[in-house]
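Student: I've got a small model open and would like to talk through how it is put together. Can we take it piece by piece?

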Amino acid sequence: IDEVFIGSCMTNIGHFRAAGKMLDEVEGGLSTRLWVSPPTKMDAAQLTEEGFFAIYGKVGARTEMPGCSLCMGNQARVADKA
């Protein structure tokens, strides 16, 4: 797996909390590129308040602006041949 994306309008805050709990167990950085984009600004604010954005940053995840993102080709792109 080259890259992982957690986001879209079909996710809910529980998906991001679960990912954060798993990532909190990781020592150092990830061996794959991780993108995180909550569906709403309200979710992003809540996850930040709960400390999950700090966990994402600790493992080297790239956090994107809430809303439409990689699933529709906005903001950033995955590496060629990923």
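**Phe16, the core and the sheet**

Student: Leaving aside its neighbours within four places in sequence, which residues is Phe16 in contact with?
Tutor: Keep in mind that this is a predicted model. Skipping the sequence neighbours within four places, Phe16 is in contact with Ile6, Gly7, Thr11, Val36, Ser37, Pro38, Pro39, Leu47, Phe52 and Tyr56.

Student: And which residues of the largest nonpolar core touch the most other members?
Tutor: That core has 15 residues. Helix 1 (13–23), strand 2 (33–37), helix 2 (41–49) and helix 3 (52–58) each supply at least two of them. The ones touching the most other members are Phe16, Leu23, Leu34, Val36, Leu47, Tyr56 and Ala61.

Student: Asp43 caught my eye. How far away is the nearest side chain of opposite charge?
Tutor: Asp43 sits in helix 2, and its contacts beyond four places in sequence are Ile13 and Pro38. It is buried, yet it has no salt bridge. A salt bridge needs the side-chain nitrogen within 4 Å of a carboxyl oxygen. For Asp43, the nearest opposite charge is on Arg17, at 7.2 Å.

Student: Now the sheet: which strands are at the edges?
Tutor: Three strands make an open, parallel sheet in the order 1-2-3. An edge strand here pairs on one side only, and that goes for strand 1 (3–7) and strand 3 (62–63).

Student: What stands opposite Trp35 in strand 3?
Tutor: Strand 2 and strand 3 pair in the parallel sense, over two bridges. Opposite Trp35, in strand 3, stands Arg62.

Technical notes
Residues numbered from 1 in each chain as written. Predicted model: local features only at pLDDT ≥ 70, side-chain atom pairs only at ≥ 80, totals over all residues. Heavy atoms only, no water. Core = buried A, V, L, I, M, F, W, Y, C linked by side-chain atoms within 4.5 Å. Buried < 20%, exposed > 50% of the residue type's maximum accessible area, 1.4 Å probe, protein only. Helix = DSSP H or I, 4+ residues; strand = E, 2+ residues; numbered from the N terminus. Contact = heavy atoms within 4.5 Å. Lys, Arg positive; Asp, Glu negative; His and termini not counted. Pairing = 2+ DSSP bridges.
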